[in-house]
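Hi,

Here is the structure I promised to pass on. Have a look at it first, and my notes follow below.

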Amino acid sequence: DAASGQLVRVLEGHTGWVRSVAFSPDGRRLASGAWDNTIRLWDAASGQLVRALEGHTDLVLGVAFSPDGRLLASGSNDKTIRLWDAASGQLVRALEGHTGSVNSVAFSPDGRRLASGSGDGTVRLWDAASGQLVRALEGHTNDVWSVAFSPDGRLLASGAYKTIWLWDAASGQLVRVLEGHTDWVNSVAFSPDGRLLASGSEDGTVRLWGVPR
């Protein structure tokens, strides 16, 4: 319970580390991706398992719902991204092209693009409808562990070793490199108004950055 801090329930069923969780836009479903190679969909109100999505051949590292809640994306150590029908659990398509683990996935606010951050050091932008690669954003010299779009869809943040890179989401041009962490940046998130970016790192700190307008 976010107001009181009290535990509401524990959801059990995975047989490996749970690496990523995401609520559906309407708040009715919770998706979890784990090291047992599965994604599980839970009823957020009751905590009951709705279904398990199987198909990845290695660890599931990232999950994200599309803004309309119709699609669920998952990234895996098997180097693929899979798009699932969130209602039926059916596989829609597999996106291939990364040469390293897919550590993080994020939909653009309009749902037209899907971003993926990989152990191959690239960020890739995909057309969410067709599954076609739009562009590869290159420049990181090591694993990309986290990606996030700004609320207006203008910027894309990627977290890697010690740095966060901000990209122009439309052109793919690098806007700025944020430096200060002393270890891997495992998580990035924009504030709802888009004015701040939070980053969590293995150096034990969370940092808040002003977002260029």
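Let me start with a hairpin: strands β14 and β15 form one, with one residue between them. Please keep in mind that this is a predicted model. The two strands, β14 and β15 (residues 161-168), run antiparallel and are paired over five bridges. As an example of the register, A157 has L166 in β15 as its bridge partner.

On the other side of the sequence, β14 also makes a hairpin with β13, this time with five residues between the strands. In that turn, G153 has a positive phi of about 75 degrees. Four bridges join β13 (residues 146-149) to β14, again in the antiparallel sense, and V147 is partnered with S158 of β14.

How buried is β14 itself? Five of the five residues in this strand (residues 155-159) are buried, so the rest of the structure largely encloses it. In a regular strand, side chains alternate between the two faces of the sheet. Here both faces are covered: L155, A157 and G159 are buried on one side, and L156 and S158 on the other.

Now for the protein as a whole. It has 18 strands and zero helices. The radius of gyration is 16 Å, which agrees with the value near 17 Å for a compact globule of 213 residues. Buried residues account for 46% of the 213. The exposed surface comes to about 10300 Å², with carbon and sulfur atoms supplying 47% of it. As for charge, there are 20 positive and 23 negative side chains, and the centres of the two sets lie 5 Å apart.

Best wishes

Note on methods
Residues are numbered from 1 along each chain as its sequence is written. This is a predicted model: local features need pLDDT of at least 70, side-chain atom pairs count only at pLDDT 80 or more; totals for chains, interfaces and linings use all residues. Side-chain values use heavy atoms; hydrogens and water are left out. Buried means under 20% relative accessible area, exposed over 50%, partly exposed in between (1.4 Å probe, protein chains only). Two strands pair if DSSP finds at least two bridges between them. The radius of gyration is taken over C-alpha atoms; the globule rule is 2.2 Å times the number of residues to the power 0.38. Accessible areas come from the Shrake-Rupley method with a 1.4 Å probe; for residues, only the protein chains shown count as cover. Lys and Arg count as positive and Asp and Glu as negative; His and the chain ends are not counted. The place of a charge is taken as NZ of Lys, CZ of Arg, CG of Asp or CD of Glu.
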